Amino acid sequence: MQDTANDVTLLEEAGAIIREGGLVAFPTETVYGLGGDAMNPSASAKIYAAKGRPSDNPLIVHIWDFSQLEEIASELPLEAKKLSDAFWPGPLTMIVPKNDKIPYETTGGLDTVAVRMPSHPVAKEFIRLSGRMIAAPSANTSGRPSPTKAEHVAHDLDGKIDAIIDGGSVDIGLESTIVDLSEGIPTILRPGYITKAMLEEVVGEVRIDPGILSENEKVRPKAPGMRYKHYAPKGDLTIINGQQDAVVAYINAATEEALAAGKRVGIVATEETRAFYNRGEVLTIGSRDDEDSIAHNLYGILRNFDELGVEVIYSESFSTPRIGQAIMNRLFKAAGHHMIDV
Ligand code: TXA
Ligand code: MG
């Protein structure tokens, strides 16, 4: 079943599915989520099964009212209220110590719980009408790019879940920023639209988990989900970093070489460089003047390359000031950390 979002009866039906222990995919402002009743261990088990996700990788609990955070946290760090006032509803997930109401099946066995209040009107209304808190990872098959359209969800999960609420294309296109408030100084476990600087304006010093910055495999990211190879396109992706002219020249030469070797090649271009590439499958990710456009299109483009059956992908690099860190974090993972400086 695939429904359009702005129909209250459909959202009520979706809520009923949640109460009965079923799974519903729904739009949020970041990416589509695959929702189940956060208090129902068997719903969480179904989420893991549908995604093919390791069950030690915890789910985010989605709420629509702040009191729900108080209901499931064993203690509420001071920063939680401040960050909620500043950024909720919105693309920020907070990790807090959990109490007994949230089953370990939902938190992957951890004593902390990740909580987010999405701003997407359909998400808010769906959670409210369900009368539950909704555990939801991104609604993709584990290891695939997160879904930014209902069609992406259907492609990965049709037949494995009970309903998809179609809210069109999402706004941001990258998953929420995750900030850990469970021990000492707030720590970013996953970069996103809400940046370190934005958080620091509200709570003072904020750290970034060394595990997500390090190339050293021994420094493990704290968020279990950040440890897995993720967001991987089927083609072999390499990021080319440097001055624009040098990057274009390198990608063109590498493309010729790969084509000569009989391979199908994809190129991630920007509006600024599109005209300089004329071989291979060239897709424009967005404009360097509008960094949000790059975030918005990243996952869709990786999926497009899979459909085109390209075997090798070259992407330009993006060091944009604000959401750039989140973009590069996802692109790096998709590339298995393969970047060439030119
Ligand atoms: O924007 C988003 O956050 C989307 C939408 C649907 O809300 N959801 C999302 O969920 O990206 P998911 O499951 O794909 O990513 C959740 C991340 C994983 O890396 C997981 O390991 C981490 O959050 N996480 C969840 N609970 C945690 C906890 N208690 N401690 C550390 N990391 C946690
Ligand atoms: Mg995910």
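Reader: Is methionine 328 buried or exposed in this structure?

Author: A residue counts as buried when its relative accessible area is under 20%. In this predicted model, methionine 328 has a relative accessible area of 11%, so the residue is buried.

Reader: Where does methionine 328 lie, and which residues is methionine 328 in contact with, leaving aside its neighbours within four places in sequence?

Author: Methionine 328 belongs to helix H12, which covers residues 324-334. With those neighbours set aside, its contacts are Ile239, Ser317, Phe318 and Met339. For phenylalanine 318, ten residues away along the chain, the C-alpha atom lies 6.4 Å from that of methionine 328.

Reader: How should one read the open sheet, and in what order do its five strands stand?

Author: Strands of a sheet pair through backbone hydrogen bonds, in either a parallel or an antiparallel manner. Here the order is E14-E13-E15-E12-E16, with parallel pairing. Strand E14 (281-284) and strand E16 (339-341) each have a single partner strand, so one side of each lacks a neighbour in the sheet. On average, neighbouring strands are turned by 20 degrees against each other, direction ignored.

Reader: How many bridges join strand E12 to strand E15?

Author: Five bridges connect E12 (residues 236-241) with E15 (residues 312-316), and the two strands run parallel. Aspartate 236 is found opposite valine 312 in E15.

Reader: Which strands do helix H10 and helix H11 touch?

Author: Helix H10 (residues 244-260) packs on the sheet and touches E12, strand E13 (265-269), E15 and E16; its direction makes about 175 degrees with that of E15. Helix H11 (residues 291-308) also packs on the sheet, touching E12, E13, E14 and E15, and its direction makes about 160 degrees with that of E14.

Methods:
Residues are numbered from 1 along each chain as its sequence is written. Chains are lettered from A and ligands numbered from 1 in the order in which they are written. This is a predicted model: local features need pLDDT of at least 70, side-chain atom pairs count only at pLDDT 80 or more; totals for chains, interfaces and linings use all residues. Side-chain values use heavy atoms; hydrogens and water are left out. Two strands pair if DSSP finds at least two bridges between them. Helices (H or I, at least four residues) and strands (E, at least two) are DSSP runs, numbered from the N terminus. Axes are lines fitted to C-alpha atoms, for helices over the stretch in contact, and angles run from 0 to 180 degrees between N-to-C directions. Contact means heavy atoms within 4.5 Å. Buried means under 20% relative accessible area, exposed over 50%, partly exposed in between (1.4 Å probe, protein chains only).
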